[in-house]
Amino acid sequence: MKFIADNMLGKLAKYLRMLGYDTVFSPPGNARDLIHLSKDENRIILTRNSIFIRDHKPENYLFIESQHFPDQLIQVVKKYGLEINIDKFFTLCLICSKPLLQVSKEEVKEKVPENIYLNFEKFRQCPSCSRIYWCGGHTRRMEKKLMVIVSSL
Ligand SMILES: [Zn+2]
């Protein structure tokens, strides 16, 4: 299951990627491109834009009811029965939604801060934007936040 989020739903998109669900941003301001991308790549459109729905009548969409992020995520998880599997967390780049590759500690030596290199063993890298991921504080905070949201389901 893949998604395309409109540009009001950046945080939702990021957390869906974190869960391991491929989610792209809509091209800004162009409803037709959004519809095409949805059809070409079989992506469900997530949108809070009722005018867009009225004017373009997309086939495959979910109107996101809340403007608050946790409620948005809960709506999507419930609607599509998304799997919350900690093994799938951080398998996609949070920026471009591409599958991350495992990289060795040696490979990232010159690319991450020294304290990160010294304190972490496992690293993943995005083949598209080259961003490097490790299970640091930011990751832990996102996981924690996610588990709080999920526990309210
Ligand atoms: Zn990336």
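## Exercises on strand E3, the sheets and the two domains

Both faces of E3 are covered, with Arg43, Ile45 and Thr47 buried on one side and Ile44 and Leu46 buried on the other. Here a residue is buried if 20 or more other C-beta atoms lie within 10 Å of its own, exposed if 12 or fewer, and partly exposed in between, with C-beta atoms placed from the backbone. Helices (H or I, at least four residues) and strands (E, at least two) are DSSP runs, numbered from the N terminus.

The model is predicted: local features need pLDDT of at least 70, side-chain atom pairs count only at pLDDT 80 or more, and totals for chains, interfaces and linings use all residues. Residue numbers start from 1 along each chain as its sequence is written.

### Exercise 1. Confidence

Task: State which element of the protein chain has the lowest confidence and which has the highest.

Solution.
- Step 1. The quantity required is pLDDT, the predictor's confidence in each residue, from 0 to 100.
- Step 2. Over the protein chain the mean pLDDT is 92, and 98% of the residues reach 70 or more.
- Step 3. Confidence is lowest in helix H7 (residues 137-151), with a mean of 86, and highest in strand E4 (residues 61-63), at 97.
- Step 4. Where pLDDT is low, predicted coordinates should not be read in detail.

### Exercise 2. The setting of Ile45

Task: Determine whether Ile45 is buried or exposed, and list its contacts.

Solution.
- Step 1. Ile45 lies in strand E3, and five of the five residues of this strand are buried.
- Step 2. Ile45 counts as buried because it has 24 C-beta neighbours inside 10 Å.
- Step 3. Two residues are in contact if their C-beta atoms, placed from the backbone, lie within 7 Å. Leaving aside residues up to four places away in sequence, Ile45 touches Ile4, Leu34, Ser38, Pro58, Asn60 and Tyr61.
- Step 4. Phe25 is 20 residues from Ile45 in sequence, and their C-alpha atoms are 9.7 Å apart.

### Exercise 3. Parallel pairing around E1 and E3

Task: Identify the strands that pair with E1 and describe how E3 is joined to E4.

Solution.
- Step 1. Two strands pair if DSSP finds at least two bridges between them.
- Step 2. Strand E1 (residues 2-5) pairs with strand E3 (residues 43-47) in the parallel sense over four bridges. Within this pairing, Lys2 has Arg43 as its bridge partner.
- Step 3. E1 also pairs in the parallel sense with strand E2 (residues 23-25), over three bridges; Ala5 stands opposite Phe25.
- Step 4. Between E1 and E2 the chain passes through helix H1 (residues 10-19), a right-handed β-α-β crossover. Right-handed means that, with the strands pointing away from the viewer, the path from the first strand over the helix to the second runs clockwise.
- Step 5. E3 and E4 run parallel and are joined by three bridges, with Leu62 as the bridge partner of Leu46. Together with helix H3 (residues 50-56), these two strands make a right-handed β-α-β unit.

### Exercise 4. The antiparallel sheet

Task: Give the strand order of the open antiparallel sheet and name its edge strands.

Solution.
- Step 1. The three strands lie in the order E5-E6-E7, with antiparallel pairing.
- Step 2. Strand E5 (101-103) and strand E7 (132-133) are the edges, each pairing on one side only.
- Step 3. E5 and strand E6 (residues 123-125) share three bridges, and Val103 has Phe123 as its bridge partner.

### Exercise 5. Positive phi outside glycine

Task: Locate Asn42 and Ser130, and classify their exposure.

Solution.
- Step 1. Asn42 has a positive phi near 55° and sits in the loop between helix H2 (31-40) and E3. Asn42 is exposed because it has 10 other C-beta atoms within 10 Å.
- Step 2. Ser130 has a positive phi of about 70° and belongs to the loop between E6 and E7. Ser130 counts as exposed because it has 9 C-beta neighbours inside 10 Å.

### Exercise 6. The domain contact

Task: Describe the two domains and the side of domain 1 that touches domain 2.

Solution.
- Step 1. The domain assignment, whose bounds come from an automatic or database source, gives domain 1 (2-87) and domain 2 (97-151).
- Step 2. Their centres, taken over C-alpha atoms, are separated by 25 Å.
- Step 3. Ten residues of domain 1 and five residues of domain 2 take part in the contact.
- Step 4. On the domain 1 side, H1, E2 and helix H4 (69-80) each supply at least two residues.
- Step 5. By class, this side of domain 1 has seven nonpolar, one polar and two charged residues. Ala, Val, Leu, Ile, Met, Phe, Trp, Tyr, Cys and Pro count as nonpolar, Asp, Glu, Lys and Arg as charged, and the others, Gly among them, as polar.
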